[in-house]
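Biologist: I would like a close look at a single part of this model, taken slowly and with its surroundings included.

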Amino acid sequence: MSHTHDADCIFCKIVAGQIPSRKVYEDEELYAFHDIAPWAPVHFLIVPKTHIASMAQLGSEHERLMGRIMLLAPRLALEQGCKPYPEGGFRVVVNTGAEGGQEVPHLHVHVMGGPRPWARG
Ligand code: AMP
C-alpha cells in the first residue's frame, strides 16, 4: 500500500522511522505511539500513515480509515492499561486547525486515560 509522505511532516517522519517513537500499534495504514508530553497516565496518538493534514481535509474516501481508528482506540486503551468501561474508560481528542489547538499538521487522534485527576472537564 502506498502512502502520501510529506518530507517536512514530523509525524510522517515518525511513521517512516526517521524520528524515533515508542510504538503502541502498527498495521498497513495506521500507526500509534506514545505522546512525548503526556497529559494523562495513558496518552498515545493514532495516526494514518498517509499524510492527511487534519480532520478538515477528510472526504468520503476516508470513511473506512477513520472508522478503523475509532474501533482501534478502545482496544489499544485497554491494552495500554485503561480500566474497562464504565469505571475506567478514556478520552478521545482530535485537535483541528489553529483555533482547535492543533500543533502538528498531520491528522492524529489523542487517546488519554488512567486514574484521574489529569484533565479538565
Ligand atoms: P496537537 O496539539 O493535537 O497537534 O498535538 C500534538 C501532540 O503531538 C502533542 O501532544 C505533542 O506532545 C505530541 N508530539 C509532538 N512531537 C512528538 C514526538 N516526536 N513524539 C511523540 N509525540 C509528539
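Biologist: Which residue just after H2 takes a positive phi? Please begin there and then work back through the helix and what it packs against.

Modeller: The residue is glycine 81, whose phi is about 110 degrees and which comes just after H2; please keep in mind that this is a predicted model. Helix H2 itself covers residues 63–79, and its 17 residues reach 25 Å from the first C-alpha to the last, close to the 24 Å expected at 1.5 Å a residue. The helix nevertheless bends by about 30 degrees at alanine 73, with a proline, proline 74, following within four residues.

As for the side that faces inward, the buried residues of H2 are Leu65, Met66, Ile69, Leu72, Ala73, Leu76 and Ala77, so that alanine 73, where the bend is placed, is itself one of the buried positions. An α-helix has 3.6 residues a turn, so residues three or four places apart point the same way. The buried residues of H2 pack against E1, E2, E3, E5 and strand E4, which spans 90–93.

This packing can be followed into the largest nonpolar core, which has 19 residues and in which Tyr25, Phe44, Ile46, Leu76 and Val111 have the most contacts. At least two residues of this core come from each of strand E1 (23–26), E2, strand E3 (42–48), H2 and strand E5 (109–113), and H2 gives the most, with seven residues. Tyrosine 25 shows the link to the helix in detail: leaving aside residues up to four places away in sequence, tyrosine 25 touches Arg68, Leu72, Arg75 and Leu76, together with Leu30, Tyr31 and Ala32. Of these neighbours, Leu72 and Leu76 are among the buried residues of H2. A second, separate core of 10 residues includes Cys9, Ile14, Leu45 and Val47.

Strand E2, one of the elements that H2 packs against, also takes part in an aromatic grouping, in which ring pairs link Phe11, Tyr31 and Phe33 into a cluster. The count comes to two aromatic pairs. One of them is formed by phenylalanine 11 and phenylalanine 33, which meet edge-to-face at 5.3 Å centre to centre with 80 degrees between the planes. That pair links distant parts of the chain, since phenylalanine 11 lies in helix H1 (residues 10–15) and phenylalanine 33 in strand E2 (residues 30–34), 22 residues apart, and both phenylalanine 11 and phenylalanine 33 are buried.

Definitions and conventions. Residues numbered from 1 in each chain as written. Predicted model: local features only at pLDDT ≥ 70, side-chain atom pairs only at ≥ 80, totals over all residues. Heavy atoms only, no water. Phe/Tyr/Trp six-rings, centres within 6.5 Å; stacked < 30°, edge-to-face > 60°. Buried < 20%, exposed > 50% of the residue type's maximum accessible area, 1.4 Å probe, protein only. Core = buried A, V, L, I, M, F, W, Y, C linked by side-chain atoms within 4.5 Å. Contact = heavy atoms within 4.5 Å. Expected span 1.5 Å × (residues − 1). Bend = angle between axes of the 7 residues up to and from the residue.
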